[in-house]
Amino acid sequence: MTFSPRVRPYATAPFVGPHSIHGWYGEMLDSAGVAASATYPGAQRANYYPIVIPTACIAYRVFWLNGATVGTDTVQVGIYNDNDAGDDGPGTAIVRGTATTSAGANVCQFDNITDTVIPAGRIWLAIWASGTTTTLFRVAPGATLVKGTGGYQETGLAGGLPATATPATMSAYIPIFGFTTIASP
Amino acid sequence: MTYSPAVPVESATYRHFAVSTVSRGQPPRGIQSATPASAAWPLANLAIYVPIYFNEAGTIFQVGCGAGATAGGNFDIGLYDMAGNKIQTTGTQARTNSAWNAVNWTDLAIAPGWYYAAMAADGTNNYSAHVPVAGLLEAVGVCEQQTAFVLPATATLTRTTRAFNPNITFTLRSVAI
């Protein structure tokens, strides 16, 4: 006989991102509106957003949702630990995807990464772009609301996402991006 | 002294509730807050698969969808596992316009977890749906399959770029512990 509990811990969603139930979810929709296409806010800038993973999972791919205009920039997505020093913010990288030229308007673009175990608890999703010609779907909650999302930004990252994040400024640009816990589709 | 559990235990033997692809807590609600409205099914014989989460064990005894004003058409609603294997479907059902279409099916016991809520239609009649900007549903894992009416035994899942999240609803009874 096996024990099958009636209620289990919430399992991690197939597509995980700031827009998923593990992140800001729909909480910003009323105040910031539905995500729309917009240019990336700064060249060589990383944006970090906290999410809470309820159960350990495997990340197979990272992705971002390209906007209406395909730019000439490269985009990179990564997953970070919570700050190892105990301060609010991201810490060391768990896994980083490959900086890839954006392609395809209004569709998700995927980057297969090494299958990586993501622990339960708070982690940070990071996205970086080399320039500002790229458009992504995003919400922009505004400076007075941004703390609710916990987002940070880090500039001057010519080489892409860093091994250790050291952001200092809040970010009011929340793109649709993240990772998948299913290998396909 | 009386014992008061942190989580109340249900007093009824059964309670009924519904889980829908447009419910708060389900993936599409992270990108769409508007009220569902009547909209044309995107393509005849198209199946749409929406990730859906059941947070506790239960028995699905009824499924349903909302239909728009114009008469005609047939639909099929089902539940699939995350690998695309059919668990149960209604089979073809004649659509009643301007009404909630409820279908009682064989009681289906489910375990908590992620599934695909599936629906196919043989025409382009109107159904109750969220119609967000194209691309957003792909970002929450919604899939589709063409030429898939009635719903197949095994889904061939392809990410959708369409802007249509049908209001597929599962009605459950949950047995008290």
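This passage describes strands, salt bridges and one buried glutamine in a predicted model.

The secondary structure of chain B consists of 14 strands and zero helices, so that, read from the N terminus, its elements form an uninterrupted run of β-strands. Of the 177 residues in chain B, 54% are buried. When contacts in chain B between residues at least 6 apart in sequence are considered, 83% of them join residues at least 24 apart. The surface that chain B exposes comes to about 7200 Å², of which 53% is supplied by carbon and sulfur atoms.

In chain A, four strands are arranged as an open sheet in the order E1-E14-E4-E8, with antiparallel pairing. Strand E1 (15-16) and strand E8 (108-118) of chain A stand at the edges of this sheet, and because each has a single partner strand, one side of each is left without a neighbour in the sheet. The partner of E8(A) is strand E4 of chain A, residues 57-65, and the two pair in the antiparallel sense over eight bridges. Within this pairing, A:Arg61 is placed opposite A:Asn112 of E8(A).

Side chains of opposite charge can pair when their charged atoms come close. Over all chains, the structure holds five salt bridges. One of them joins A:Asp82 to A:Arg122, with the closest N and O atoms 3.4 Å apart. Because A:Asp82 belongs to strand E5 (residues 74-82) of chain A and A:Arg122 to strand E9 (residues 121-129) of chain A, this pair ties together parts that are 40 residues apart in sequence. A:Arg122 also forms a salt bridge with A:Asp88, for which the closest N and O atoms are 3.8 Å apart. This second pair likewise links distant parts of the chain, since A:Arg122 lies in strand E9 of chain A while A:Asp88 is found in the loop between E5 and strand E6 (90-96) of chain A, 34 residues apart. A:Asp82, A:Asp88 and A:Arg122 are thus linked in a network of salt bridges. The members of this network are partly exposed, with relative accessibilities of 24% for A:Asp82, 38% for A:Arg122 and 37% for A:Asp88.

In chain B, a salt bridge is formed between the side chains of B:Glu144 and B:Arg162, with an N to O distance of 2.7 Å. B:Glu144 lies in strand E11 (residues 143-145) of chain B, and B:Arg162 in the loop between strand E12 (158-159) and strand E13 (165-166) of chain B, so the pair ties together parts that are 18 residues apart in sequence. B:Glu144 has a relative accessibility of 10% and therefore counts as buried, whereas B:Arg162, at 23%, counts as partly exposed.

The surroundings of A:Gln153 were examined in the same model. This residue is located in strand E11 (residues 152-154) of chain A, and at 13% relative accessibility A:Gln153 counts as buried. Its side chain is joined to that of A:Arg45 by a polar contact of 3.2 Å, and the side chain of A:Gln153 also reaches the backbone oxygen of A:Met170 at 3.1 Å. When residues up to four places away in sequence are not counted, A:Gln153 touches A:Arg45, A:Ala46 and A:Asn47, together with A:Pro167, A:Ala168, A:Thr169, A:Met170 and A:Ser171.

Technical notes
Residues numbered from 1 in each chain as written. Chains lettered and ligands numbered in written order. Predicted model: local features only at pLDDT ≥ 70, side-chain atom pairs only at ≥ 80, totals over all residues. Heavy atoms only, no water. Buried < 20%, exposed > 50% of the residue type's maximum accessible area, 1.4 Å probe, protein only. Contact = heavy atoms within 4.5 Å. Areas by Shrake-Rupley, 256 points an atom, 1.4 Å probe, with all protein chains shown as cover. Pairing = 2+ DSSP bridges. Salt bridge = Lys/Arg side-chain N within 4 Å of Asp/Glu carboxyl O. Polar contact = N/O pair within 3.5 Å; in protein donor to acceptor, adjacent residues only side chain to side chain.
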